[in-house]
Amino acid sequence: MFMPIVLRTTKVVNITSDTQDVDLYTTAASPAYPLNVICFVNANVSASSNTTPAMKTSSTWKPGSWVYIRNSGTISGKPGVAGIPGTAGVAGVPGAAGAGGRGGTYGDYNGLAGGGGGPGTNATVGTAGTP
């Protein structure tokens, strides 16, 4: 990258080991004058909590300051706080009626109904009893 030559102080910041919660302004010794800051990130920078940024440049630089960051590592924050659960949805529409049942079987052998009874037989005449 081409950087124009500006005759003023240049501060080089090297981050070479894993660290957390980097404030670049503080790391550059909180300068009270405009300067060029070149920061090389060659490690992992992470956040210690979900309310703290992993790396911030700050907003207190003097007017005319230039900040250049070359990240060759990973800068990652923590996940945020879970959201509030939503409200329950409305009840669904009742489903359609089910299909008719399958026919059953009845009767005796192999499920066949019994036939009508045959004609009766003639009775025999009884013998006389003893007096």
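Student: Which of the 15 residues in the largest nonpolar core touch the most other members?

Tutor: In this predicted model, they are Val13, Ile15, Leu24, Cys39, Val45, Met55 and Trp61. Three elements give two or more residues each to this core: β1 (10–15), α1 and β4. Of these, β4 contributes the most, with three residues.

Student: What makes that set a nonpolar core?

Tutor: Its members must be buried residues of kinds such as Val, Ile, Leu, Cys, Met and Trp, joined through side-chain atoms within 4.5 Å. Val13 belongs to the 15-residue set. Beyond its neighbours within four places in sequence, Val13 is in contact with Leu24, Thr27, Ala28, Val37, Ile38, Cys39 and Phe40.

Student: Why is Asn36 called buried or exposed?

Tutor: Let's set the value against the cut-off. Buried means under 20% relative accessible area. Asn36 has 6%, so it is buried. This residue lies in strand β4.

Student: Which side chain makes a polar contact with the side chain of Asn36, and how do you know that the pair counts?

Tutor: The partner is the side chain of Arg8, at 3.0 Å. The limit for a pair of N or O atoms is 3.5 Å, with one able to donate a hydrogen and the other to accept it, so a contact at 3.0 Å falls within the limit.

Student: Why does Ala29 count as buried, partly exposed or exposed?

Tutor: Exposed means over 50%. Ala29 has 57% relative accessibility, so it counts as exposed. Ala29 sits in the loop between α1 (24–27) and β4 (36–41).

Student: And how do you know which class Ser30 belongs to?

Tutor: Partly exposed covers the range between the 20% and 50% cut-offs. Ser30 has 36% relative accessibility, so it counts as partly exposed. Ser30 also lies in the loop between α1 and β4.

Student: What is the sign of phi in Ala29?

Tutor: Phi of Ala29 is positive, near 70 degrees, in a residue other than glycine. Ser30, again not a glycine, has a positive phi of about 45 degrees.

Student: How do you know that β4 and β7 pair?

Tutor: Two strands pair if there are at least two bridges between them. β4 and β7 have six bridges, so they pass that test, and they pair in the parallel sense. One position to look at is Val37, which stands opposite Val67 in β7.

Student: What is the order of strands in the open sheet with β4 and β7?

Tutor: The order is β1-β4-β7, with parallel pairing. β1 and β7 (66–71) are the edge strands, each pairing on one side only. From one strand to the next, the twist averages 15 degrees.

Student: Why do β2 (19–20) and β8 (74–76) stand at the edges?

Tutor: They belong to another three-stranded open sheet, with the order β2-β5-β8 and parallel pairing. Each of the two has a single partner strand, so one side of each is left without a neighbour in the sheet.

Student: What makes β5 (residues 44–46) a partner of β8?

Tutor: Three bridges join these parallel strands, and the requirement is at least two, so they pair. Asn44 stands opposite Thr74 in β8.

Student: How many helices and strands does the protein have?

Tutor: One helix and eight strands. Along the sequence they follow the pattern β-β-β-α-β-β-β-β-β.

How values were computed: Residues are numbered from 1 along each chain as its sequence is written. This is a predicted model: local features need pLDDT of at least 70, side-chain atom pairs count only at pLDDT 80 or more; totals for chains, interfaces and linings use all residues. Side-chain values use heavy atoms; hydrogens and water are left out. Helices (H or I, at least four residues) and strands (E, at least two) are DSSP runs, numbered from the N terminus. Buried means under 20% relative accessible area, exposed over 50%, partly exposed in between (1.4 Å probe, protein chains only). Contact means heavy atoms within 4.5 Å. Axes are lines fitted to C-alpha atoms, for helices over the stretch in contact, and angles run from 0 to 180 degrees between N-to-C directions.
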